[in-house]
Structures are given as C-alpha cells and as structure tokens.
Amino acid sequence: MKNKKQNKIDVKAYILAGALVVFVLTGFFLLGRKIAMDNSLFHTPIEPAYYHEEDFKKPPEITIYEKKVSEIKLPIIMYHYVEYVKDPKDTIRKSLDVTPYSFEKQLATLKNNGYQTYFVKDIPDILAGKTVVSSRSAILTFDDGYEDFYTDAFPLLKKYQLKGTIYIVYDFIGRHGFMNEKELKEVIASGLVELGSHTLDHLSLKSLPTMFAKKQIFDSKALLEKMFGITVDSFAYPYGTFNKSVEDLVRQAGYRDAVSVISGKTQSQNNLYYLSRIRAGYFEGSNMVNLLQK
Ligand SMILES: [Zn+2]
C-alpha cells in the first residue's frame, strides 16, 4: 500500500506530465500554423550565402519565350548596404557594401558627367519610346530596405538630386537594421525615391510552392500600397531567383517590371520582368563612366 505522501507525489507527477503534453502539443500547433500561414520560418534577415552564381545568368528555359525586339543600353546599378561596416568579420555585409565615401564619389561622377537618373518604373515608357533618354542615363537601385539607406544613402541622393528605386521587404519594415514606416514615408515624399516590392519576407521564390510564391508577390504589393498610399510598380526577386512561373506571377500581380541579378546593361521588352543589373563596386571617375558606357 502506498502511503499518503506517495499518493501526493503521484498526483504531482501526473499534473506535470499533463502540462508538458499540452505545452508540446500547443507548440506543434503554433509551429504548423506559422509554416502554413506565411512560411516565414524559412527566412533569415542576415542572409547566409547571398547569391548563387547561376542566378547571375538567365534561366535557360526563359530564352525560348524571347522575341526579336530592339534593345537599349540602360545600366541599372545594384546597391545593398551603403555604410561603414563595423564588424570586420561580417564578410557577407562587406561584400554587399559600398562605403558612403565611395557612394558619394559615384554620385559626383554621375552628376559631373551629365548623367540623368530614372526610376525602374520609368523603364516601360523608355522602352516604348514615350520617355526619351540620352545615352548618359542610369538607374540606381537599393535592395532590402536597410536603415543605412535612410541615414547614409538618402542624404547623398538629396545632395546630388539623383533618383533611386528601393526594394522593400514588407515584414522587415521597422525591424532592427531596417527602415521604419516613418522613414519610408519621408523618402517617398522627397520625390527622389521609388518604392518597389521585394516580397513579404525575402524567400527564394523559385523554391516555393506556387501558392506561397503568389502570396509573397501579390500580398506585398497590396500591403505596401495600403501602407504608403502609392502604386507599387516595380519588383525585385530575393536572391535574384526566379523561373517562368514566378515571372508570370509577377506580371499577373500587376507589376510593370522586375529586376533580377542577371549581369548586364541591356534592357528590352523581353527582359522587362528580369531586368539586368550591374553590381556597385568601388569604381568612380573615369572607371565608372567607362563601365557604364562600355
Ligand atoms: Zn534582397
């Protein structure tokens, strides 16, 4: 026979075990719901290997849809961070960074050499001949919506009166290291910045089931438009990854254009939804002009 004390311990043990089961089941339920709702467990704000080499080239299956159309040379420069990187061991950040000093030199080079800057959303009209541009035209783009765009890049764009398109990840707005709603409103109000979508939470779209990819592409547009009272015309593929089905979703969502990370300076109706870009390096002065004109 068990004594009273023993019984008390048994009851305690049952209660504890019961609580543990409820806790674990609730955990599984919440985890499952999170995955089903937005797939957001799969993103990391600081991205591991940022780009894969294959994404700098055109996906082979895309070429068969291309028609013979006229092309224009219009360099789109791709920036990520514009800051003095504090942690020397942060090699990804460093590889994606241009220092504010170099950035300013680049803007001065554009200005001194008579370059006009445009938004990415201007490209459809440029290609259609509705907007006539000189051979000294360029587009500046900034991916991910980092805080340093507001603190470092934007003041310089204002100083030189040059335009840029920023690609914002909706769920990153206001997170540590990213611009918040107020800052974004201010940059849009300047008239120098176009806001484009970079999905809800920066997932590689070609690896997602269509239903999730669609949500990332469609919902980010709708939410950004609602938050800022603007039309979002431009889209950027996270990590530069896309395929024909992802490209079709971007068209269906009503975007006018999309940028890839495919290297190049030539744009046409064919690649309106996978516009080529060049990576911002530490070029400036005549080197930069040669690179843009070549
Ligand atoms: Zn990105």
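**Exercise 1. The pairing of E7 and E8**

Determine how strand E7 is joined to E8 in this predicted model, and in which relative direction the two strands run.

*Solution.* Strand E7 comprises residues 164-168, and 5 bridges join this strand to E8. The two strands run parallel. Within the pair, the residue opposite Gly196 of E8 is Tyr167. The connection includes helix H6, residues 181-189: together, E7, H6 and E8 form a β-α-β unit, and this unit is right-handed.

**Exercise 2. The two faces of E8**

Establish which residues lie on each side of E8, and whether these sides are covered or open.

*Solution.* Begin with the general pattern: side chains in a regular strand alternate between the two faces of the sheet. In E8, one side carries Val193, Leu195 and Ser197. The other side carries Glu194 and Gly196. Each of these residues is buried, and both faces of the strand are therefore covered. The count for the strand as a whole, residues 193-197, agrees: 5 of its 5 residues are buried. For the chain, by comparison, 34% of the 294 residues count as buried.

**Exercise 3. The packing of H3 against H5**

Classify the relative orientation of helices H3 and H5 from the angle at which they pack, and identify the residues in contact.

*Solution.* Helix H3 spans residues 100-112 and helix H5 spans residues 147-160. Their packing angle is about 25°, and their axes are 10 Å apart. Angles under 35 degrees count as roughly parallel, so H3 and H5 are roughly parallel to each other. The crossing of H3 past H5 is right-handed. On the H3 side, the contact is made by Pro100, Phe103, Glu104, Leu107, Ala108 and Lys111. On the H5 side, Asp152, Ala153, Leu156 and Tyr160 take part.

**Exercise 4. Two residues with positive phi**

Locate Asp144 and His202, and decide for each whether the residue is buried or exposed.

*Solution.* Asp144 is not a glycine, yet has a positive phi of about 90°. This residue belongs to strand E6, residues 137-144. The threshold for burial is 20 or more other C-beta atoms within 10 Å. Asp144 has 23 C-beta neighbours inside that distance and therefore counts as buried.

His202 is likewise not a glycine, and its phi is positive at about 60°. His202 is placed in the loop between E8 and helix H7, the latter being residues 210-228. Because 24 other C-beta atoms lie within 10 Å, His202 is buried.

**Exercise 5. The chain as a whole**

State how many helices and strands the chain has, and what share of its contacts joins residues 24 or more positions apart.

*Solution.* The chain has 9 helices and 12 strands. Among contacts with a separation of 6 or more, 68% are between residues 24 or more positions apart.

Technical notes:
Residues are numbered from 1 along each chain as its sequence is written. This is a predicted model: local features need pLDDT of at least 70, side-chain atom pairs count only at pLDDT 80 or more; totals for chains, interfaces and linings use all residues. A residue is buried if 20 or more other C-beta atoms lie within 10 Å of its own, exposed if 12 or fewer, and partly exposed in between; C-beta atoms are placed from the backbone. Helices (H or I, at least four residues) and strands (E, at least two) are DSSP runs, numbered from the N terminus. Two strands pair if DSSP finds at least two bridges between them. A crossover is right-handed if, with the strands pointing away from the viewer, the path from the first strand over the helix to the second runs clockwise. Axes are lines fitted to C-alpha atoms, for helices over the stretch in contact, and angles run from 0 to 180 degrees between N-to-C directions. Angles under 35 degrees count as roughly parallel, over 145 as roughly antiparallel, 65 to 115 as roughly perpendicular and the rest as oblique. A crossing is left-handed if the near helix is turned anticlockwise from the far one by less than a right angle, and right-handed if clockwise. Two residues are in contact if their C-beta atoms, placed from the backbone, lie within 7 Å.
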